[in-house]
Amino acid sequence: MERVLVLPGDGIGPEVTQQAVRVLEAAGKRAGIGFECSEALIGGASIDAHGIPLTDDVVEAARTSRAVLLGAVGGPKWDAMPVDTRPEKGLLRIRKELGLYANLRPAAVFPALAQASTLRPEVVDGIDLLVVRELTGGIYFGEPRGRAIVDGRREARNTMVYDEVEIERISRVAFDSARRRRRHVTHVHKANVLDVSQLWIEVVDEVAKGYDDVELQHQLVDSCAMLLLSDPARFDVIVTGNLFGDILSDEAAMLTGSLGMLPSASLGDGGIGLYEPVHGSAPDIAGQDLANPLAAILSVAMLFEHTLDRPDAAAEVRDAVTAVLAAGHRTGDIILEGEKRETIGCVAMGDCVLEKLGA
Ligand code: NAD
């Protein structure tokens, strides 16, 4: 039995995770994997019940689980709270407590949705890339940081710092991921001006020596940003630091044109993975059975692949989603402008995926 902690969170979080759990259990059954799923509170739901966005008990429950499946946190009800006690803090804390330093964001275009991209269909055709972003180091956390008055002027500073261990471990995640894909890694840097990037190149090259079967390319971040728009299908795995990864993962995500379709995984050395859709809690549609559960369902595919090392089960889930879309089923968010189609709700979309899975 694999223990999975489900943290539905707020807004549409509970709706989409409910469908994701159905798919987890059905695909697990087909793959011969049993799950013991338990539910707990995070974000605004936890604030309402306990006064804080994440309790120690939930952290402990996460530590003793194989994986965490999360919905989304936040909403207008908690927007006026001080930054330190808001729902998002629950998310930041669980990532920190579990030591999740690698954030994986795939961006793939489903043929049936190619028209949803703002780019021409022939440019987005074949996009299937994975951004592996370092999540716990770099300029967002480096010291010294802060503001000061120097010679009567306001000054502010942040520090970009990485050590070789941080670079090595994220590089391994990228190379291991590439081995399950098309065996190509693009390391994104700014080594023409940054010493930090020069160290990244050295360490990534050292790690690459253990992966003869994976091709490595170093790419300047500015040219990578351009190539993502002009020739995105060339990329397989992109690995980079926190700052560049933050920006490029959003750029890559938008190539697909549909927020309700994007899954993510956060991994660390503790063996526990956290899987969640990229989208937020969508308070504007919460509680109305309007949410698209496919990003949460595709997060389940990532759980099979990365935590359970079952790419076969992951592929079954992805293939079921592809088939559902090809059959023309759509939630409201993935209907194209001018398209005349019936829309279906969150539960019905879950039903469709289960049916394609043969469950
Ligand atoms: P959002 O992603 O929640 O919503 C943006 C727009 O996309 C909305 O119109 C929403 O209806 C739509 N949308 C999002 N996911 C959808 C889905 N699965 N199906 C159909 N439509 C979907 O972003 P926002 O509106 O900026 O933020 C709302 C709340 O979510 C805020 O409190 C924010 O802090 C929080 N948030 C949480 C996370 C997270 O938990 N990881 C991420 C982003 C935002």
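**View 1. One salt bridge crosses the interface of domain 1 and domain 2 in this predicted model.** A salt bridge here means a side-chain nitrogen of Lys or Arg within 4 Å of a carboxyl oxygen of Asp or Glu. The partners are Asp309 and Arg180. Their closest N and O atoms are 4.0 Å apart. The rule also finds three residue pairs in polar contact across this interface, both residues at pLDDT 80 or more. A polar contact is a pair of N or O atoms within 3.5 Å; within protein, one must be able to donate a hydrogen and the other to accept it, and residues adjacent in sequence count only if both atoms are side-chain atoms.

**View 2. Three elements each supply at least two residues of the side of domain 1 that touches domain 2.** They are strand 4 (100–108), strand 11 (263–268) and helix 10 (294–307). Helices (H or I, at least four residues) and strands (E, at least two) are DSSP runs, numbered from the N terminus. Strand 4 gives the largest share, four residues. By type, this side of domain 1 has six nonpolar, three polar and four charged residues. Ala, Val, Leu, Ile, Met, Phe, Trp, Tyr, Cys and Pro count as nonpolar; Asp, Glu, Lys and Arg count as charged; the others, Gly among them, count as polar.

**View 3. Domain 1 meets domain 2.** Domain 1 covers 1–103 + 259–359, and domain 2 covers 128–255. These bounds come from an automatic or database domain assignment. The C-alpha centres of the two domains lie 26 Å apart. In contact are 13 residues of domain 1 and 14 residues of domain 2. Contact means heavy atoms within 4.5 Å. The buried area is about 1,100 Å², and carbon and sulfur atoms give 62% of it. Buried area is the accessible area (1.4 Å probe) that two parts lose on being put together, summed over both.

**View 4. The ligand has 21 residues around it.** Each has a heavy atom within 4 Å of the ligand. Glu88, Gly280, Ala282, Asp284 and Asn292 come nearest. A backbone N or O atom of Ala282 lies 2.8 Å from a ligand oxygen. Polar backbone atoms of Gly75 and Ser281 also face a ligand oxygen atom, at 3.1 Å in each case.

**View 5. Glu316 and Arg30 form a salt bridge.** The N to O distance is 2.9 Å. Glu316 sits in helix 11 (residues 311–326) and Arg30 in helix 1 (residues 13–31). The two are 286 residues apart. The full count is 28 salt bridges.

**Notes.** Residues are numbered from 1 along each chain as its sequence is written, and side-chain values use heavy atoms, with hydrogens and water left out. The model is predicted: local features need pLDDT of at least 70, side-chain atom pairs count only at pLDDT 80 or more, and totals for chains, interfaces and linings use all residues.
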